[in-house]
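Colleague: I am just starting out with structures, and I would like to learn how the words we use for them are earned. Could we look at one together?

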Amino acid sequence: MVKLIKLSSIANQDWREVLIEKIEDLDIEDIELDFNDLLLNCDDIKEINSLCCKSRKRIINIKSTVPETIVSAKSLFFKSELYLKSNLKKNIHSGSKRKHNSEEITFHQGTVRSGENIHCQGHLFLLGDVNPGGIVRANGDVMIWGRLLGIAHAGLSGNNTAKISALQLMPVQLRIANKVARGPQQKPEPGLAEQAKITSGLIVISPLTSYK
Amino acid sequence: MAKDTRIILICSGKGGVGKTTLTANLGISLAQQGAKTAVLDADFGLRNLDLLLGLENRIVYTAQEVLEETCRLDQALVRHKQEPNLALLPAGNPRMLEWLKPSDMEKIVEMLSEIFDYVLIDCPAGVEDGFKNAVAASKEAIVVTNPEVSAVRDADRVIGLLNTNSINPVQLVLNRVRPKMMASQEMLSVEDVTDILALPLLGLVLEDEQVIVSTNRGEPLTLNGSKSPAGKCYSNIAKRLQGEEIPLIDPSKEGTSFGDKFKKLMQTKIF
Ligand SMILES: Nc1ncnc2c1ncn2[C@@H]1O[C@H](COP(=O)(O)OP(=O)(O)OP(=O)(O)O)[C@@H](O)[C@H]1O
Ligand SMILES: [Mg+2]
């Protein structure tokens, strides 16, 4: 069993105190840390880790809305993921499908390499490639200003109007809502942006004319 | 003393792509070119750098004793007889991995930096503890891969991790290139590989039976000049590391015999 522990800057308290208070009397060993909007550097995360070690807790996963925090966590080899502000709670509590079509866009710059994975609550806009073995997922649309060679999943929580677009669409696999499609066998022509969406129950790829 | 020692991690993700062979040959080449070079085996579980260099029987102390302070660094270093600019710091026994921390590795490398111009760290395959320890101590990296989908995939994973650890520069060596197979598109091309990995190409190494012969002898190819195809490649890589500008070989022009080349030349002249 994993216990989720949330910290944030909103409380305006020192996160050390909050963390110690939260884990002190916990009898579960494995914890997941949600740093929300806290900007933490490597030293902070090292400190957190040693605090956790002292109370014999093991960090299984780290989440945050701040890219810098996730980069710090990743550089220390923690399993970690970036998520988008505010929507997470709404989605969990309301469970409403309409919320997934949130207009909020997460922007990510840089190549998503093999073994890396990006997950966001609204739309995802990626400036860079998704290499084979890399995975990008969003509750909304996935837009890739680059090549999609790995796996993309749009409409993660069931929105089957979600779309995936890329400058070059040659994924290993595409997923929209609960539909799965294998990537095309042939290389598409370069210079032809493409879009994938569900048309009569199937994922169909077509040239991208306009983003609607 | 601020010495600009270059601490280079040689890694790959996938096993068996040629990290140890590159480390040994690069070590010899750099030493031949006058650079004081140390090679270090970070692969405690399956170490074999000592074997490749033919130094196995001369090991007395290892990095383990240096860390435990039961011997001095210079006692543990094994200097190569023919290339005294090159020294190997042997890895401790495999159980050392259980207690070795990134800070221990940093300590070792720091000590080596006082003496050497280059420290080459032969990294174990995978991205587990051995890799993490080695990354902690390194400044730059050479990623070795083969023109195969699985090797490229694992290299990509490793590059992502190197980037988040601010290792810079990270350069690429493509090993076991077979020009004929590339030409017939049975093998990934150089472009296919660099396209995905998006790293500067430090060099190509041709597939060469002599590599295997020399491995078994414990005499790296580069030791006796660079007459064999792969030996030449390794020595060029060392020169490029030192900042010399040497053009990359073009696989489409390699592997054709002199006769073929002559015929081609005649054809272009006549027709
Ligand atoms: N250019 C080459 N031509 C032919 N054989 C090669 C070449 N490079 C490496 N090899 C062979 O490939 C095998 C693996 O090489 P090596 O031990 O250097 O790989 P490694 O990456 O260090 O492996 P490990 O991950 O197990 O440490 C050896 O048998 C070696 O002789
Ligand atoms: Mg090896």
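Colleague: Which residues of α1(B) meet which residues of α12(B)?

Modeller: Happy to help, and please keep in mind that this is a predicted model. From α1(B) come Thr21(B), Leu22(B), Asn25(B), Leu26(B), Ser29(B) and Leu30(B), and they meet Tyr234(B), Ser235(B), Ile237(B), Ala238(B) and Leu241(B) of α12(B). These contact residues divide into seven nonpolar, four polar and no charged.

Colleague: How do the axes of these two helices lie?

Modeller: Helix α1 of chain B covers residues 19-32 and helix α12 of chain B covers residues 229-241; their axes come within 9 Å and cross at roughly 65°. The crossing of α1(B) past α12(B) is right-handed.

Colleague: Why is α8(B) called roughly parallel to α10(B)?

Modeller: Start with the value: helix α8 (residues 149-164) and helix α10 (residues 190-197), both of chain B, pack at an angle of about 30°, and their axes are 10 Å apart. Angles under 35 degrees count as roughly parallel, so α8(B) is roughly parallel to α10(B). The crossing here is right-handed.

Colleague: What makes up the contact of α8(B) with α10(B)?

Modeller: Val152(B), Ala155(B), Asp156(B) and Ile159(B) of α8(B) meet Val193(B), Ile196(B) and Leu197(B) of α10(B). Six of the residues in this contact are nonpolar, none is polar and one is charged. Asp counts as charged, so the charged one is Asp156(B).

Colleague: And why is α6(B) called oblique to α7(B)?

Modeller: Helix α6 (residues 102-113) and helix α7 (residues 129-137) of chain B have axes that come within 8 Å and cross at roughly 45°. Roughly parallel needs an angle under 35 degrees, and roughly perpendicular runs from 65 to 115. The value fits neither, so α6(B) is oblique to α7(B). The contact is formed by Pro102(B), Met105(B), Glu106(B) and Val109(B) of α6(B) with Asn133(B), Ala134(B), Ala136(B) and Ala137(B) of α7(B).

Colleague: Now the ligand: what makes the pair between Thr21(B) and ligand 1 a polar contact?

Modeller: A polar side-chain atom of Thr21(B) lies 2.4 Å from an oxygen atom of ligand 1. The cut-off for a pair of N or O atoms is 3.5 Å, so this pair is a polar contact.

Colleague: Which backbone atoms lie 3.0 Å from a nitrogen atom of ligand 1?

Modeller: One is a backbone N or O atom of Leu206(B), and a polar backbone atom of Asp208(B) also lies 3.0 Å from a ligand nitrogen. In total, 18 residues surround ligand 1, and among the closest are Gly16(B), Lys19(B) and Thr21(B).

Methods:
Residues numbered from 1 in each chain as written. Chains lettered and ligands numbered in written order. Predicted model: local features only at pLDDT ≥ 70, side-chain atom pairs only at ≥ 80, totals over all residues. Heavy atoms only, no water. Axes fitted to C-alpha atoms, helices over the stretch in contact; angles between N-to-C directions. Helix = DSSP H or I, 4+ residues; strand = E, 2+ residues; numbered from the N terminus. Parallel < 35°, antiparallel > 145°, perpendicular 65-115°, else oblique. Left-handed = near helix turned anticlockwise from the far one by under 90°. Contact = heavy atoms within 4.5 Å. Near = heavy atom within 4 Å. Polar contact = N/O pair within 3.5 Å; in protein donor to acceptor, adjacent residues only side chain to side chain.
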